[in-house]
Amino acid sequence: VQSNVRNTEEVVEIELDLVRNRIMRFELILEMTGLVVGSGALITGLFGMNLVSHLEEHTRMFYYASAFIVILMVGMGFNLRNKMFVDNIL
């Protein structure tokens, strides 16, 4: 009877560990997403300041800056995702 109880306890502990690891993995994904979005917000905030840099006079600078931010965020996202796959996190 005691061995059955121990086996049941071990199975429950393993299941709880599995759930904990899934929660930790989800937290990591959320934190990495926050990092990527935050880096895009940093650049947007820098351009949003009322500083005179003469870039605001360029006719297509808005599109260049927007494209740069999107490319940076997508690149960071893919690099972080690949790093997590290589490290067997995902």
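**Exercise 1.** Which residue is found in the loop between α1 and α2, and where does this residue stand on the scale from buried to exposed?

*Solution.* Start with the ground rules: this is a predicted model, in which local features need pLDDT of at least 70, side-chain atom pairs count only at pLDDT 80 or more, and totals for chains, interfaces and linings use all residues. Residues are numbered from 1 along each chain as its sequence is written, and side-chain values use heavy atoms, with hydrogens and water left out. Now look in the loop between α1 and α2, where you find N50. Its relative accessible area is 78%, so N50 is exposed (buried means under 20%, exposed over 50%, partly exposed in between, with a 1.4 Å probe and protein chains only). Finally, N50 lies 11 residues from M61 in sequence and 16 Å from M61 in space, C-alpha to C-alpha.

**Exercise 2.** Describe how α1 and α2 pack.

*Solution.* Two packed helices are described by the angle between their axes and the distance between the axes. Helix α1 covers residues 2–48 and helix α2 residues 61–86; the angle is about 160° and the axes are 10 Å apart. Therefore α1 is roughly antiparallel to α2 (angles under 35 degrees count as roughly parallel, over 145 as roughly antiparallel, 65 to 115 as roughly perpendicular and the rest as oblique). By class, the contact of α1 with α2 (heavy atoms within 4.5 Å) has 15 nonpolar, four polar and no charged residues.

**Exercise 3.** Classify the aromatic pair of F62 and Y63.

*Solution.* Rings pair if their centres lie within 6.5 Å; planes under 30 degrees apart count as stacked, over 60 as edge-to-face and the rest as tilted. The count comes to one aromatic pair. For F62 and Y63, the values are 5.5 Å centre to centre and 75° between the planes, an edge-to-face pair. F62 is exposed at 60% relative accessibility, and Y63 is exposed at 57%.

Notes:
Axes fitted to C-alpha atoms, helices over the stretch in contact; angles between N-to-C directions. Helix = DSSP H or I, 4+ residues; strand = E, 2+ residues; numbered from the N terminus. Nonpolar A, V, L, I, M, F, W, Y, C, P; charged D, E, K, R; others polar. Phe/Tyr/Trp six-rings, centres within 6.5 Å; stacked < 30°, edge-to-face > 60°.
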